Every structure is written in structure tokens, then in C-alpha cells.
Amino acid sequence: MSRRKFICGNWKMHKTASEAVQLVRELRQKLDGTGAQVAVAPPFTALAAVKQALQGSAIQLFGQNCHHEKQGAFTGEVSAPMLKDVGCDGVILGHSERRQYFGETDDQVAKKVRAVLAEALHPIVCVGETLQEREAGRTWEVVSRQVRGALGGLDAAALQRITLAYEPVWAIGTGRTATTAQAQEVHAQIRGLLRELGGAQVAQAVRIQYGGSVKPDNAADLLSQPDVDGALVGGASLKSSDFAAIVTAAR
Ligand code: PGA
């Protein structure tokens, strides 16, 4: 059984609502009917407009983060039920920019994963080492800690509903992509850990996306690796032609 490739565009803090709708219109022209699993993750302020612009399309809508509580006195935060209400299908969690600039910890990511699963939304859980950690030979120590931290204690049914994204921090927004061998090595290790956490069926089913300077010209190579099941795309997801080319490479 092969895993269906899954490509998600992480728009980060880019695009006003009207710009987002324009980008989605272009994407629909290029991607509707292609059959690949595709999602876009616009900023919170554009979610409602993008949802409307996606009506009748198979392209899914994701949030970029959420709080683990359902509601409360958390100024500036947005909850999983709110994302569900606006029409999201899933949420990106634990992105390295959240960890790096907003101090997000493994423990917080774990709580968010549970909050997102409780709303029957699909989490994409991001993990990845910094350049310093890689150069110190600590890649697997860091990545395995992040995976265990986010997913430890979940049963097999819950684990099957999660997608992981391996995003080496040194490859994000730098134009420096991991080699296919570097990506495949860590992806295979993560799959081994999934087997330990949830059994063979979970390890076989869970998609592991690669992220970090995925572009039209490197996507096919990365996506041809046996344990690379999709891509989490930042910069190149902001241009419809580039994103469409990456989706095409996945098929
Ligand atoms: P990038 O970002 O494709 O611009 O490197 C990837 C990400 O941060 O998800």
C-alpha cells in the first residue's frame, strides 16, 4: 500500500485577504481536478475569505498554529474550535519559527496536537534540527525528542490521523535544501520511531512531509524518496506556478 502524497503551502505572514483570494483563484485554475492531496495555510485573517474561494475545490484549508485551550483569556490567540468553525481541515503545529521566535516547547506542541485531534482536525507536526545541532551530530537526538514529545502517549488511532513534517531549520527560507539522502535518512528514522510508538500499521500509514526550500526544480527528487510522502512548502507556495509545479512533481 502506498501513501498518498500530501503537499501543503505554508504562507506564513504573507497575503492580505484579497491577495490570498487572488492566489487561490490561480491555484484552482492550475490544480482543481489533479487528484493530489493539497492544502494551503494562509494567515488567520485570510481564512474565511480563502474558505469561500475554495468552495467546490478539493484543496484543503489549514491554520498555521493554534492555542491548546478551547477559549479563555489568551489575548492574541486562536483556538482549534475557532479554526474548525471557520472551515479549516487541519493545523500546522510546532513550526520551527514558532519554536524559535515564540518559545514554543515540545510540551506545548503536545497539548496543541491533542486539542487539534479533539476537533477532528488534521495536525501537521513539524520537527527539525538547527545547523548547530546537525554539525554537532545531534540531529536524531533532537528530532526524536521532538517526535516523542509531541506524539508520545497517543494511541494508534490518534497517531494515524497525524502528518509529520521534517524541516531542517537550516534549510528553511535559506535556499539550502537537504540532499535527498539527508532527507531520506531522517524520514526513515522517524518512520522507525513511529513503528515503536504505534506499531507497523501506524508506521506504514503516517505521511512524513519534507520542508525547507522545496522548489519546482528539487521537488521531484525529494518526493521520489521512499519515505518522503509530501512537502511543506513556504516561499514557493506564494507563487501559483511554482506551487503547482511542486504538486505536479508529487504525482
Ligand atoms: P521554505 O519554508 O519553503 O520557504 O524554506 C518551509 C517552511 O517553513 O515550512
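This passage describes the ligand site, the nonpolar cores, two helices and several single residues of a predicted model.

The ligand is surrounded by 13 residues, of which Lys12, His95, Glu167, Gly173 and Ser213 come nearest. A polar side-chain atom of Glu167 is placed 2.6 Å from an oxygen atom of the ligand. Backbone atoms also take part in the surroundings of the ligand: an N or O atom of the Gly234 backbone lies 2.9 Å from a ligand oxygen atom, and for a backbone N or O atom of Gly235 the distance to an oxygen atom of the ligand is 2.8 Å. The ligand taken alone exposes 290 Å², and the protein buries 97% of that area.

Ser213, one of the residues that come nearest to the ligand, is located in the loop between strand E7 (208-211) and helix H11 (216-223). With a relative accessible area of 9%, Ser213 falls under the 20% limit and is therefore buried. Its backbone has a positive phi of about 55 degrees, although Ser213 is not a glycine. Most residues other than glycine have a negative phi.

A positive phi is also found at Ala120, where the angle is about 60 degrees although the residue is not a glycine. Ala120 comes just after H5 and belongs to the loop between H5 and E5. In contrast to the buried Ser213, Ala120 counts as exposed because its relative accessibility is 55%.

Helix H5 itself covers residues 106-118 and has 13 residues. From its first C-alpha to its last, H5 reaches 18 Å, close to the 18 Å expected at 1.5 Å a residue. Asp106, Val109, Ala110, Lys112, Val113, Ala115, Val116 and Leu117 are buried in this helix. The buried residues of H5 pack against several elements, including helix H3 (80-85), strand E4 (90-93), strand E5 (122-127) and helix H7 (139-151).

Helix H9 (residues 180-198) has 19 residues and spans 26 Å between its first and last C-alpha, close to the expected 27 Å. Its buried residues are Ala183, Gln184, Val186, His187, Ile190, Arg191, Leu193 and Leu194. Gly199 follows H9 and has a positive phi, near 95 degrees.

Ile190 of H9 is buried and also belongs to the largest nonpolar core, which has 68 residues. Together with Ile7, Val40, Val50, Leu151, Tyr210 and Phe243, Ile190 touches the most other members of that core. Helix H1 (residues 17-31) gives the most to this core, with six residues. A second, separate core has 10 residues, among them Phe6, Ala41, Phe62 and Ile92.

Within the largest core, the surroundings of Phe243 can be described further. Leaving aside neighbours within four places in sequence, Phe243 is in contact with residues including Ile7, Leu27, Leu31, Val40, Val233 and Ala236.

Gln22 is found in helix H1 and is partly exposed, with a relative accessible area of 40%. Although Gln22 and Ser240 are 218 residues apart along the chain, their C-alpha atoms are separated by 9.8 Å.

Thr163 lies in strand E6 (residues 163-166) and counts as buried because its relative accessibility is 1%. Leaving aside its neighbours within four places in sequence, Thr163 is in contact with Phe6, His122, Pro123, Ile124, Val125, Arg207 and Gln209. One of these contacts, Phe6, is a member of the second core.

Key. Residues are numbered from 1 along each chain as its sequence is written. This is a predicted model: local features need pLDDT of at least 70, side-chain atom pairs count only at pLDDT 80 or more; totals for chains, interfaces and linings use all residues. Side-chain values use heavy atoms; hydrogens and water are left out. Helices (H or I, at least four residues) and strands (E, at least two) are DSSP runs, numbered from the N terminus. The expected span of a helix is 1.5 Å times one less than its number of residues. Buried means under 20% relative accessible area, exposed over 50%, partly exposed in between (1.4 Å probe, protein chains only). A nonpolar core is a set of buried Ala, Val, Leu, Ile, Met, Phe, Trp, Tyr and Cys residues joined through side-chain atoms within 4.5 Å. Contact means heavy atoms within 4.5 Å. A residue is near a molecule or strand if one of its heavy atoms lies within 4 Å of it. A polar contact is a pair of N or O atoms within 3.5 Å; within protein, one must be able to donate a hydrogen and the other to accept it, and residues adjacent in sequence count only if both atoms are side-chain atoms. Accessible areas come from the Shrake-Rupley method with a 1.4 Å probe; for residues, only the protein chains shown count as cover.
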